[in-house]
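I opened this one to see what I could look up before going back to the bench. My notes follow in the order I took them.

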Amino acid sequence: FDSGGRALELEEVAQCVVAAMGGGRVERKAVTDATENRYVGDNDRYCRLIDRFGIDPVSLDRQIAETATYLARIG
């Protein structure tokens with residue numbers, strides 16, 4: 001998945017996945033490490049790639065939903 005260059009805390013990514021899968025809420029253990037756990041894509045690379053192939057940008061939520069649909073279909 002590409003976040004469009006937006007840095008996301010991994011709990012935010014998990015919440016997107018849970019929402020796409022029709023789940024409840026994200027439960028996680030207490031964070032004991034002060035280092036932030038971030039997920040971020042390379043927005044410049046993403047933009048070059050989609051421009052090269054003439055593809056419209058796809059939001060992270062849509063990427064997750066489409067992947068969930070695909071996995072359900074092949075699973």
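**Cysteines.** I took a disulfide to be a pair of cysteine sulfur atoms within 2.5 Å. With that cut-off I get zero disulfides. The model is a predicted one, so I am reading computed positions here. Why is Cys16 unpaired? Its sulfur sits 19 Å from the closest cysteine sulfur, which belongs to Cys47, and that is too far for a bond. Looking from the other end, Cys47 is in no disulfide either, with the sulfur of Cys16 as its nearest, 19 Å off. I also checked how open Cys47 is: its relative accessibility is 30%, so I put it down as partly exposed.

**Confidence.** Before going further I looked at pLDDT. The chain averages 83, and 97% of its residues reach 70 or more. Which elements have the lowest and highest mean pLDDT? Strand S2 (residues 38-39) has the lowest mean at 76, and H2 has the highest at 89. Reminder to self: where pLDDT is low, the predicted coordinates should not be read in detail.

**Core.** Next I went after the largest nonpolar core. I find five residues in it: Leu8, Val13, Cys16, Leu60 and Ile64. Helix H1 (10-20) and helix H3 (60-74) each put in at least two of these. Cys16, then, is a core member as well as an unpaired cysteine. I listed what Leu8 touches, skipping neighbours within four places in sequence: Ser3, Val13, Asn37, Arg38, Tyr39 and Leu60. Val13 and Leu60 on that list are also core residues.

**Ser3.** Leu8 led me to Ser3, which lies in the segment before strand S1 (8-9). Buried or exposed? Ser3 comes out at 9% relative accessibility, so I call it buried. Beyond its neighbours within four places in sequence, Ser3 contacts Leu8, Tyr39, Val40 and Gly41. Tyr39 therefore shows up for both residues, being in contact with Ser3 and with Leu8 under the 4.5 Å limit. I also took one long span: Ser3 and Thr69 are 66 residues apart in sequence, and their C-alpha atoms are 19 Å apart.

**Glu9 and the start of H1.** Glu9 is in strand S1. I had to check the burial of this acidic residue: the relative accessible area is 18%, and with the cut-off for buried at under 20%, Glu9 counts as buried. What does its side chain do? Glu9 caps the N-terminal end of H1, with a side-chain oxygen 2.6 Å from the backbone nitrogen of Glu11. Leaving out residues up to four places away in sequence, Glu9 touches Arg28, Asn37 and Arg38. Asn37 and Arg38 are on the contact list of Leu8 too.

**Other helix ends.** Just after H1, Gly22 has a positive phi of about 75°. I looked for something similar at H2 and found Gly54 just after that helix, with a positive phi of about 65°. At the N-terminal end of helix H2 (residues 43-53), the cap is Asp42, with a side-chain oxygen 3.3 Å from the backbone nitrogen of Asp44.

**Salt bridges.** How many salt bridges are there? I count two. Side chains of opposite charge can pair when their charged atoms come close. In one of them, the side chains of Arg62 and Glu66 meet at 2.7 Å, N to O. Both residues are in helix H3, four apart, about one turn of the helix. Residues three or four places apart in an α-helix point the same way, because there are 3.6 residues a turn. Arg62 is partly exposed at 46% relative accessibility, and Glu66 is partly exposed at 42%. The other bridge joins Glu27 to Arg25, with the closest N and O atoms 4.0 Å apart. Glu27 and Arg25 are both exposed.

**Two last lookups.** Val17 is in helix H1 and is partly exposed at 32% relative accessibility. Val17 and Glu66 are 49 residues apart in sequence, with 11 Å between their C-alpha atoms. Ile74 is in helix H3 and counts as exposed at 53% relative accessibility. From Ile74 to Phe53 I get 21 residues in sequence and 26 Å in space, C-alpha to C-alpha.

Key
Residues are numbered from 1 along each chain as its sequence is written. This is a predicted model: local features need pLDDT of at least 70, side-chain atom pairs count only at pLDDT 80 or more; totals for chains, interfaces and linings use all residues. Side-chain values use heavy atoms; hydrogens and water are left out. Helices (H or I, at least four residues) and strands (E, at least two) are DSSP runs, numbered from the N terminus. Buried means under 20% relative accessible area, exposed over 50%, partly exposed in between (1.4 Å probe, protein chains only). A nonpolar core is a set of buried Ala, Val, Leu, Ile, Met, Phe, Trp, Tyr and Cys residues joined through side-chain atoms within 4.5 Å. A polar contact is a pair of N or O atoms within 3.5 Å; within protein, one must be able to donate a hydrogen and the other to accept it, and residues adjacent in sequence count only if both atoms are side-chain atoms. pLDDT is the predictor's confidence in each residue, from 0 to 100.
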